[in-house]
Amino acid sequence: MKQRVLLAWPWLWLWLLAATAGSPSSDTFASTTFSSSASSSSSSSSSSSGSSSSNSNSLVSSSITRSFSSTLPTSTFASFTEDFPFPPGHEFRFTLPLYNVSIPENSIGKTYVVPEERMGIKLASPDSNLDIRFRIMSGDRDKFFKAEERTVGDFCFLLIRTRTGNVDVLNRERKDRYVLEVRATLNRGDGKNRVAIMEADATVVVTILDTNDLNPLFYPTEYEATVTEDTPLHRSILRVIAEDADLGRNGEIYYSFAEETDQFAVHPVSGVITLTRPLR
Ligand SMILES: *[C@@H]1O[C@H](CO)[C@@H](O)[C@H](O)[C@H]1NC(C)=O
């Protein structure tokens, strides 16, 4: 049933176009319209949501006017032909609903997050004049990030970078993950007249990577031990412990004496201090 409605629409448009445009060859009309309606029926059969049918209608009608625009006076179709690069079967949507990306903590401004795979929207054909914008809708309360778009060939890349002029920096020990909701809009018109004609959303999970930015801290900060004269060599006198909030290798701690001494030794990993020379 839905397919029938969709199929009917192109013909209605054809009729309207023919009525407004006057004389251009109706053969061209018929063949182009037919191919458009064929592709719309295949896409509508695969789409399941209820709201998509009215959406598809406008897509169908618009993609048809687009295909005519080359054969008709452009002024007649000024209101139709600006965009609609997403014909039926090629929806305006992100390649995935969720992307994982990462960025080192303490990154300076204009550092781009590193995605595991390309993020963005596939276009039906290369078109660098499309007005596609990305915006971070939520998940970035402190405004660390900025979304940018860059179209290369038939792909509009979503890029996310740190803002310049941030007072604060990303700090893994404070927050190690940001879940950003990003909205893409396909717009037409400019300035005040810009309107979004299509929207698509995706989630970008930003994992903040650790850098070795924290010094280990001793706890407690002072130790005291009494050593008798006859303490045997290499027996444990005391063990010191420090902690580091950094992760993994960045959090590994090696102990040594701040001032060199032959009298004592500290085990680099365990922190155990022993006597190496007799005290007598
Ligand atoms: C993102 O990472 C999570 C685990 O952190 C994983 O479960 C998920 O499959 C990943 N998604 C993609 C699209 O890579």
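1. Start with the aromatic side chains: Phe94, Tyr99 and Phe134 come together as one aromatic cluster. Bear in mind as you look at them that this is a predicted model.

2. That cluster isn't the whole aromatic story, as the count of aromatic pairs comes to 7. Take Phe144 and Phe145: their ring centres sit 6.4 Å apart with the planes at 65°, so this pair is edge-to-face. The cut-off for that label is an angle over 60 degrees. As for the surroundings, Phe144 and Phe145 are both buried.

3. Another pair to look up is Phe155 with Phe157, also edge-to-face, at 4.7 Å from centre to centre and with 65° between the planes. Are its two members buried or exposed? Phe155 counts as buried because its relative accessibility is 1%, and buried means under 20%. Phe157 has a relative accessible area of 24%, so it is partly exposed.

4. Now for the charges. Which residues form a positive surface patch? They are Lys110, Arg135, Lys143, Lys146 and Arg163. If you colour the model by charge, that is the group to pick out.

5. Lys143 is a handy member of the patch to find your way by. Look for Lys143 in the loop that runs between β4 (131-138) and β5 (145-152). Its relative accessibility is 51%, so Lys143 counts as exposed; the cut-off for that word is over 50%. Next along the chain come Phe144 and Phe145, which are buried.

Methods: Residues are numbered from 1 along each chain as its sequence is written. This is a predicted model: local features need pLDDT of at least 70, side-chain atom pairs count only at pLDDT 80 or more; totals for chains, interfaces and linings use all residues. Side-chain values use heavy atoms; hydrogens and water are left out. Patches are made of residues with over 30% relative accessible area and no salt bridge: like charges are joined within 9 Å, nonpolar side chains (Val, Leu, Ile, Met, Phe, Trp, Tyr) within 5 Å. Accessible areas come from the Shrake-Rupley method with a 1.4 Å probe; for residues, only the protein chains shown count as cover. A salt bridge is a side-chain nitrogen of Lys or Arg within 4 Å of a carboxyl oxygen of Asp or Glu. Lys and Arg count as positive and Asp and Glu as negative; His and the chain ends are not counted. The place of a charge is taken as NZ of Lys, CZ of Arg, CG of Asp or CD of Glu. Helices (H or I, at least four residues) and strands (E, at least two) are DSSP runs, numbered from the N terminus. Buried means under 20% relative accessible area, exposed over 50%, partly exposed in between (1.4 Å probe, protein chains only). Rings of Phe, Tyr and Trp (its six-membered ring) pair if their centres lie within 6.5 Å; planes under 30 degrees apart count as stacked, over 60 as edge-to-face and the rest as tilted.
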